[in-house]
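Here's a quick briefing to read alongside the model. Have the sequence and the 3D view open as you go.

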Amino acid sequence: MYQIGNLVKELSDKHGHARESLMPILQAIVQKHNYLTDEAMVEVARELDISAAEVYGTASFYTFLDTQMKGKYVIRVCKTITCSMKGKGDIIQTLEEILKIKVGETTTDRQFSLIETNCIGWCHKAPAILINEMPYTELTPEKVNEIIKDYMHK
Amino acid sequence: MENKGLTKVDLIFEKIDSKKVMVKAFAMSSAEIIQSMLDSGLKGRGGAGFPTGLKWKYTAAEKNPDKYIVCNADEGEPGTFKDREILDRVSNKVHGGMAIAGKAIGAKKGFVYLRGEYRYLLPKLMIELDSFHKMIHEIGFDFSIEYRMGSGAYICGEESALFESIEGKRGEPRNKPPYPTTSGVFEKPTSINNVETLVTAMMIIHHGAQNFIQYGTKDSRGSKVFSVSGDTPTPGIFELALGMTVQQFVNEFGDGDTKAVQVGGASGFCVPRKKFAETIIGFEGVPTGGSMKLFNSSRSMYNVLHNYLDFFTEESCGQCTPCRVGCQQLLKGVEKVKKGEAKSTYLTELVKLADTMKIAAKCGLGQSVGNAFKSIVGNFKEEIIY
Amino acid sequence: MINLFINDQKVSVIEGTTVLAAAKKLKINIPTLCNHDDLCVAGNCRVCLVEQKGARTLMASCATPASEGMEIHTNTLKVRNARKHIVELLLSEHRSDCTKCYKNQNCELQSLANDYAFGDHVFLDLVEDKKYNIDRSSPSFIKDDSKCIRCQRCVRTCSELQYISAISVANKGAHQKISSFHDRPMSQVVCTNCGQCVNRCPTGALVEKTYIDQVWDAIYDPDKHVVVQTAPAVRVALGEDLGYDPGERVTGKMVNALRQLGFNSVLDTDFSADLTIMEEGTELLVRLKKALVDGDKNISLPMFTSCSPGWIKFVEHKYPEFLPNLSTCKSPQQMFGALAKTYYAKKRKIDPSKIVSVSIMPCTAKKFEADRPEMRSSGYKDVDYVLTTRELAVMIKQAGIDFRNIEEANYDSIMGDSTGAAVIFGATGGVMEAALRTAYEIVTGREVPFGNLNITPVRGMDGVKEATIKIEGCVDAWKFLEGAELKVAIAHGLVNANKIMKMTREGKAPYHFVEIMACPGGCIGGGGQPIPTNLEIRKKRMKAIYLEDEHKVLRKSHENPDVIAIYKEFLDQPNSHKSHELLHTHYVERDNY
């Protein structure tokens, strides 16, 4: 609580206290803490003098502003048509096997969350995923294995 | 209809001396820049195809001294990735196009709204922006650009939703009128242009409007960048003159077994093999923001349609009835038909619903859901039912 | 002026007029749903679509400004087909258990369905796929998401009129919904229970929590003595739910109807409103003396009124540092409740444990107030059940009373007498006017210097009203106020209350005494009042309330004989020890989310 309050204060001093600062502030919190806790949203509401329900309402509109607990590395697997045609299913299966979680879940050590997402703009190199903000493309189960192993050792 | 065949062009990614173009633009008057755009016949490259010159002209005519130029880099249409490529490779031209637009409409400030999925580009873009700011400052151009990030919402590519998002709100499209040229971001006159449009504009200033109109057709001037994906041996980014037929496109990019091409993404049109020869890619035929997806005969068009409807059901902002509920009904409806739980004639009712959505939804997203639905159901009815 | 054609009829309107308003001018009815007179334009339900000649798409008439030469058609085949589709789409997301619904026959969606979408429906039922939530956590209202059609009137109400934004639109696409902060129960968020959203919800998604059955049970329980009190604003609005036009006073018929329903004693909240003036007026004068004469730095000014429970909860959530500025007086409802089970019980020689105390209120927040743990000074729950004006109308209908043709009757005695000062509590500015009528007279020995006691500067629908009263010719006891200028302010609707609180926080509020009512127009516009509401209706109710005042023989609270009697027999004097025990309260700080 103490820490998140400081961060929010720091961010609102940097971006300003007007409503237009809401997105940059929420984005920065997510970058740092992977998702938005209730405490963080209440703090942001206080700093920007808007209601907490509005902060939640805005955050929940945007897929990347998670309001549910997420791991350190959020893996987003593109499920839109080309990726879906080019082996998205295998990629998901591989990820579920390595991480021992299902889509929508987070590993118990809170390192990885696995979710599906809509088109991320890599259709020519499908299938593609994002891990946090980094894209990985032209994936095969083998490549996915390697990539995740690297993250596990980070 | 004119048919100029398939012509590869090198304009967007052409290496140029940005500073030289900026010096040239800076020496031009607002009216001269706008006239060049009008002469070139350039239409917006995001998909909607509004004439760029007119947009700038209207914004320039507004009395309010506070105006903005907004670069729409919220490229979310399934199958498009050209704006990411443009920003990655020639962001100086994007910034240049914005400054030129700023000069044309009388704006000193620009925003780039970059989709959250492309955040990995940001560090590099910041460096490029820094040197761009220095460069135009040297020339004496009073203009600055700020990046604002999206966070995963397809609808924010709709211009007024994008403004709402920049303002820190839910990305819900506004009622129109007022149009952005009168009341855009922060309720100020705004010209909002697609990434590629801005680069094209800069290149028109560089080469002149006449050079641009050597390509394309009367209704679809010039060239544009196509994002090619799906069942093709050569997926990727290709810059082509407008006005070719889908057949010519398929001849170049198909795998020999192409049964349909989805032109313009999920909100675009599905062209079946039997119509390849007669369909022009351009505003006189099937318009596209660049998304070209090829499907060969191994693909189920039911799966394609289902995927698109699932996409819209999630990505609709949800505020207006026809779009929010209509998408759910189309999705559930085709599922029921496929499972045999609804009669195949139910598709007729769904087509009527798609027609309602086209005329009753609040924004372009809801209005365009019917495009894919009607063209896929219309051309591949058997695949939807059986 | 702008000239346009609607259904081939020419109409001229001023610039900025919507197509919907222009059509209204021609008496052409266009159905609407998300549109509401009190709220900004949304344009999201799309029910009001019309066709413009030459346009590719239909347009929402509520959101489209009229323009020169426009040719609009409101009833083309295209429009009708689209409208039928839209109403059916709304119904496909809506749990249509109409016969079981509290809003049955008082539902805007139902009446649209009657007009435009009768017969078989084309679309699939989506309700079965959704995990809709019904939130019954608030004692004041129920939020049933399965009835919600996402028109967002409630969200706009909570934000534009009430500043709170306890609810917002959350998620997107198929998952879009109206949500509190992270879906918390409504009882655990900043919601003030004001019920303004309930008043504007077109369906049964937001309705008051009813206690009608509990009240019937009490009435038919031979062991119970059921007393009922009626708030001032009820009598000028109840008629609307029983076939009268807005602004008709039905006081006498209401009293008779309550008696016919079987209440053992029909009493008046106006009595305790008069009592409130004695207590609150004295509290103000004492605060002023301590601050101005004794130089007591701990005295909090301005003093804020405390009659409106929505407003109280607003301060508890949003401005807890100003809790000491709130008058410690309970609201008239709760003063009445505390006295019903003490003073009244004693006088009528009834065991207070056998008394069931019911109040009829224009308000949903009063249900919450009655449930507050502080409100048990009698040793029992001071007010057992709170019914809204609407619930009373339901009971009258259930009992088969021919309301229009019943005789008028008078309130029972002991806590049934009232003055015109109490009646005007129901309108914004009324508490202030009543307080001034009494306080000024206490201090100067003379009536307030306004014609016929009507203190017009504090009346009317302006969101924030201010007045300054110069005090001259004080009696000896109040000589320290000689020449002082008493600065007062009045706000109604929490968005206006917030303006005053912001000023106060910034140290820029020059006032001594401020009246605040949570609802637009004051209690006449309360969340428990008949639906629909708009400014015109509220103005008519307000006019009726001032008429009620003018018709009263007694118009100053301190002249109320029941009030004089209760001080003589029971309370001793205003702000006495006994008064503090029964009639005053304290407040708690609450979370700001």
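What follows covers a helix, an interface and the domain layout.

Keep in mind that this is a predicted model. Chain B offers a helix, α9, that is largely enclosed by the rest of the structure, and chain B also touches chain A, with 38 of its residues in contact with 30 of chain A.

**Helix α9 of chain B**
- Helix α9 of chain B runs over residues 246-253, and because six of its eight residues are buried, the rest of the structure largely encloses it.
- The buried ones are Val246(B), Gln247(B), Gln248(B), Phe249(B), Val250(B) and Phe253(B).
- As for what sits over them, the cover includes the chain B strands β5 (223-230), β7 (258-263), β8 (269-272) and β9 (291-296).

**Where chain B meets chain A**
- On this interface, 38 residues of chain B pair up with 30 residues of chain A as contacts.
- On the chain B side, α6 (159-166), β5 and α10 (301-315) each bring at least two residues.
- Helix α10(B) gives the most to that side, with six residues.
- Sorted by class, the chain B side has 13 nonpolar, 14 polar and eleven charged residues.

**Domain layout**
- Chain A splits into domain 1 (2-59) and domain 2 (73-152), and the C-alpha centres of these two chain A domains are 28 Å apart.
- Chain C is divided into domain 1 (2-75), domain 2 (124-208), domain 3 (212-271 + 333-405) and domain 4 (277-330 + 418-583).
- In chain C, the centres of domain 1 and domain 4, taken over C-alpha atoms, lie 44 Å apart.

Technical notes:
Residues numbered from 1 in each chain as written. Chains lettered and ligands numbered in written order. Predicted model: local features only at pLDDT ≥ 70, side-chain atom pairs only at ≥ 80, totals over all residues. Buried ≥ 20, exposed ≤ 12 C-beta atoms within 10 Å, placed from the backbone. Helix = DSSP H or I, 4+ residues; strand = E, 2+ residues; numbered from the N terminus. Contact = placed C-beta atoms within 7 Å. Nonpolar A, V, L, I, M, F, W, Y, C, P; charged D, E, K, R; others polar. Domains from an automatic or database assignment.
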